[in-house]
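Trainee: I have a two-chain model open and would like to go through it with you. Could we start with how the chains meet?

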Amino acid sequence: MSPDSPPAAVAAPELPTPVPPSLIALFVAFAKMSLAGFGGVLVWARRGIVDQHRWMTAEEFNETFALCHFLPGPNVVNLSVVFGSRFRGPLGGMAAFAGLLGPPVVIVTVLAVLYARFGEIDALRRILAGISCAAVGLLMSALFRMMMPLIKRRDWTGIAIMAAVFVAIGVLRFPLAAVLLASIPLSIGISFAMARKASA
Amino acid sequence: MNSENDPVWALVWTFGLMSLFAVGGANAAIPEMHRVAVEVQHWMSDKQFSDVFAISQLSPGPNVLIVTLIGYSVAGILGALAATLAMCVPTAVLAYWVSHVLRRSTQSRWPSIIQAALVPLSIGLMGASALILALTSDRTWAAAFVTVAAAALAFATRLHPLWLLLGGGILGFAGLI
């Protein structure tokens, strides 16, 4: 039968990776990144993988992250699995996944126990109320950072889709699945049409 | 064993399904978590939800760990583990599979087009998260002011986020919020 890949395909250049990390090294590296990451692990993941261990170049990292960003689910969790499995197969993916989630899950569970026991204490309620106000502010600033490229490009279709999703989920409180089933095909269709128009 | 009233199975089902729809990561899924946990299942109050969000931002690790806290409040330690794995494993398996398929296939342009199409969606979802959390957290003018000030500082400076969370906590403790 036909070979695995069509003959016209250009083989991707296989860059030799210096030293493939061991399973334990993957676990430890992702545990460290995760524990360093307050309010998001991505910055630390980039620092650890690209700068510190030199397991990937910055371009390889960006490509891998782009893939993980367009897939559903927690991006950094996806990144750990894709990254770990690239070096050590499925076991490597599991080691990185366990390193990323294991230690912080233990910490968060301890905090959950403390919250369940002491959450009604007035001082703690006030402190948490203050922290959540600031945390919402942090989320808003991340949101503005993501919006800036759309606004600078004057990408009106993108801005319209963004606004429609915002209203449907945030104001009208429609279920996520329904909104996505309607908006994903629409948005991809528009992007394809515009890409075809641009290349024609 | 697999009874419909078992809260652990409810968690697994809820978050397992949500993980496959969570375009744009954990913070973009917050409106859906709020809708399910507060409005549909009545697992927690509005106040508890905003507390849980604060704790998840305060602790190290990926933002997705808010589901660990929701799981704990529903069904203890077993619930915490079940919710975390349900939210993370299905999409991790999908990511593993897709990355292998893409590595074997020739370079095509559809991933970048799909990605470009999903960016506005995930920003819209994050905007909805910010709105819903602001409505649950910012019940006074002072609270809203702290949120706006934290947003401006985080946007304009390179201050470590932990300092801003700490500042919010101190203002809250002092009874100013």
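Mentor: Before we start, a word on terms: contact here means heavy atoms within 4.5 Å. Please also keep in mind that this is a predicted model.

Trainee: Okay, which residues of α5(A) meet α3(B)?

Mentor: From α5(A) the residues are R125(A), L128(A), A129(A), I131(A), S132(A), A135(A) and V136(A), and they meet K47(B), S50(B), D51(B), F53(B), A54(B), I55(B), Q57(B) and L58(B) of α3(B).

Trainee: And how do those residues split by class?

Mentor: The contact of α5(A) with α3(B) comprises nine nonpolar, three polar and three charged residues.

Trainee: At what angle do the axes of those two helices cross?

Mentor: Helix α5 of chain A, which covers residues 122-152, and helix α3 of chain B, which covers residues 46-58, cross at roughly 70°, and their axes come within 8 Å. An angle from 65 to 115 degrees counts as roughly perpendicular, so α5(A) is described as roughly perpendicular to α3(B).

Trainee: Left-handed or right-handed, that crossing?

Mentor: The crossing in which α5(A) passes α3(B) is left-handed.

Trainee: Zooming out, how many residues does each chain bring to the contact?

Mentor: Chain A contributes 86 residues and chain B contributes 98 residues. The area buried between chain A and chain B is about 8,200 Å², and carbon and sulfur atoms give 78% of that area.

Trainee: How many salt bridges are there across the interface?

Mentor: The rule finds one salt bridge across the interface of chain A and chain B. A salt bridge joins the side chains of R173(A) and E39(B), with 2.8 Å from N to O.

Trainee: Switching to chain A alone, how do α3(A) and α4(A) pack?

Mentor: Helix α3 of chain A (residues 58-70) packs against helix α4 of chain A (residues 75-118) at an angle of about 130°, and their axes are 9 Å apart. Because of that angle, α3(A) is oblique to α4(A), and α3(A) passes α4(A) in a right-handed crossing.

Trainee: Which residues make that contact?

Mentor: On the α3(A) side they are F61(A), T64(A), F65(A), L67(A), C68(A) and H69(A), while α4(A) supplies N75(A), N78(A), L79(A), V82(A) and R86(A). By class, the contact of α3(A) with α4(A) has six nonpolar, four polar and one charged residues.

Trainee: Last one, what is chain B built from?

Mentor: Chain B has seven helices and zero strands, and the C-alpha trace of chain B spans about 55 × 45 × 25 Å along its principal axes.

How values were computed:
Residues are numbered from 1 along each chain as its sequence is written. Chains are lettered from A and ligands numbered from 1 in the order in which they are written. This is a predicted model: local features need pLDDT of at least 70, side-chain atom pairs count only at pLDDT 80 or more; totals for chains, interfaces and linings use all residues. Side-chain values use heavy atoms; hydrogens and water are left out. Axes are lines fitted to C-alpha atoms, for helices over the stretch in contact, and angles run from 0 to 180 degrees between N-to-C directions. Helices (H or I, at least four residues) and strands (E, at least two) are DSSP runs, numbered from the N terminus. Angles under 35 degrees count as roughly parallel, over 145 as roughly antiparallel, 65 to 115 as roughly perpendicular and the rest as oblique. A crossing is left-handed if the near helix is turned anticlockwise from the far one by less than a right angle, and right-handed if clockwise. Ala, Val, Leu, Ile, Met, Phe, Trp, Tyr, Cys and Pro count as nonpolar, Asp, Glu, Lys and Arg as charged, and the others, Gly among them, as polar. Buried area is the accessible area (1.4 Å probe) that two parts lose on being put together, summed over both. A salt bridge is a side-chain nitrogen of Lys or Arg within 4 Å of a carboxyl oxygen of Asp or Glu.
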